[in-house]
Amino acid sequence: MGDFREHVLFGFLAAAIVSYFLKDMLVLTPVETMVSSIAIVVGSVLPDIDHKNAYVHRAAKAFFSIGLAILGVVYLPLPLHHRFAIAAAIFLLSYVGFSSIKMKHRGFTHSFTFLALVSSGVVVGSVYSFASPLPGVAMALGIFSHLTLDQEFKIT
């Protein structure tokens with residue numbers, strides 16, 4: 001039920017409460033602290049990616065489209081001017097394609113299944129990248145704080 005600012009604040013509040021109770025067990029490196037803080041913020045707003053007017057939806061659409069276009073420029077085995085022309089097409093197609101995805105607000109992205117899938121993926125990625133599962137746990141905490149604030153507790 002909250003807006004972007006409320007979800008981020010509630011995510012940090014949840015992290016403060018959990019870290020208080022685990023203060024004797026947690027010793028974080030600066031990298032773990034930074035990446036986990038980012039994961040809490042992203043997790044606290046990520047479920048609203050299904051709402052076309054949400055900040056996270058608009059940001060994800062932009063980053064996704066720009067990222068694909070950059071990958072095209074960097075990795076396509078063509079002359080540079082062809083790569084830029086194709087990157088422009090990739091950007092437009094992915095931007096329009098992302099915009100055409102219709103999802104029910106407070107549907108799948110507001111479920112425990114979504115929480116489990118996303119946080120599991122982040123745990124695997126963070127263990128591989130940082131040798132620490134904490135960013136994935138922080139992502140789960142952020143998503144859980146969002147579901148709590150929205151009072152949405154669905155399985156699927």
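Student: Which helices do the buried residues of helix 3 pack against?

Tutor: In this predicted model, the buried residues of helix 3 (55-75) pack against helix 2 and helix 4 (80-100). Val56, His57, Ala59, Lys61, Ser65, Ala69, Gly72 and Val73 are the buried residues of helix 3.

Student: How do you know what span helix 3 should have?

Tutor: Helix 3 has 21 residues, and at 1.5 Å a residue these should span 30 Å. The end C-alpha atoms of helix 3 are 30 Å apart, so the span agrees with what is expected.

Student: What do the numbers say about helix 2?

Tutor: Helix 2 has 16 residues, for which 22 Å is expected at 1.5 Å a residue. From first C-alpha to last, helix 2 reaches 23 Å, close to that value. Its buried residues include Val35, Ala39, Ile40 and Ser44. The buried residues of helix 2 pack against helix 1, helix 3, helix 5 and helix 6 (134-150).

Student: Why is Ser145 called buried or exposed?

Tutor: Buried means under 20% relative accessible area. Ser145 has a relative accessible area of 2%, so Ser145 is buried. You will find Ser145 in helix 6.

Student: Which residues does Ser145 touch?

Tutor: Leaving out residues up to four places away in sequence, Ser145 touches His7, Phe10, Gly11, Ala14 and Ser44. Ser44 is itself one of the buried residues of helix 2.

Student: Why is Asn53 called buried or exposed?

Tutor: The cut-off for exposed is over 50% relative accessible area. Asn53 has 51%, and therefore counts as exposed. Asn53 sits in the loop between helix 2 and helix 3. Its C-alpha atom is separated by 23 Å from that of Ile90, 37 residues apart from Asn53 along the chain.

Student: What makes Leu26 buried, exposed or partly exposed?

Tutor: Partly exposed falls in between the cut-offs of 20% and 50%. Leu26 has 30% relative accessibility, so Leu26 counts as partly exposed. Its place is in the loop between helix 1 (4-21) and helix 2 (30-45). Leu26 also helps make a nonpolar surface patch of about 860 Å². Other residues in this patch include Leu13, Phe21, Met25 and Leu28.

Student: What about the phi of Ala131?

Tutor: Ala131 has a positive phi of about 60 degrees, although Ala131 is not a glycine. Most residues other than glycine have a negative phi. Ala131 lies in the loop between helix 5 and helix 6. With 67% relative accessibility, Ala131 counts as exposed, because exposed means over 50%.

Student: How many helices and strands does the protein have?

Tutor: There are 6 helices and 0 strands, and along the sequence the pattern reads α-α-α-α-α-α. Of the 156 residues, 35% are buried. The C-alpha atoms fill a box of roughly 55 × 35 × 25 Å along the principal axes.

Student: Among contacts between residues at least 6 apart in sequence, how many join residues at least 24 apart?

Tutor: The share is 73%.

Student: Where is confidence lowest, and where is it highest?

Tutor: Confidence is lowest in helix 1, at a mean of 86, and highest in helix 5 (residues 112-130), at 92. The mean pLDDT of the protein is 87, and 98% of the residues reach 70 or more.

How values were computed:
Residues are numbered from 1 along each chain as its sequence is written. This is a predicted model: local features need pLDDT of at least 70, side-chain atom pairs count only at pLDDT 80 or more; totals for chains, interfaces and linings use all residues. Side-chain values use heavy atoms; hydrogens and water are left out. Patches are made of residues with over 30% relative accessible area and no salt bridge: like charges are joined within 9 Å, nonpolar side chains (Val, Leu, Ile, Met, Phe, Trp, Tyr) within 5 Å. Accessible areas come from the Shrake-Rupley method with a 1.4 Å probe; for residues, only the protein chains shown count as cover. A salt bridge is a side-chain nitrogen of Lys or Arg within 4 Å of a carboxyl oxygen of Asp or Glu. Helices (H or I, at least four residues) and strands (E, at least two) are DSSP runs, numbered from the N terminus. Buried means under 20% relative accessible area, exposed over 50%, partly exposed in between (1.4 Å probe, protein chains only). pLDDT is the predictor's confidence in each residue, from 0 to 100. Contact means heavy atoms within 4.5 Å. The expected span of a helix is 1.5 Å times one less than its number of residues.
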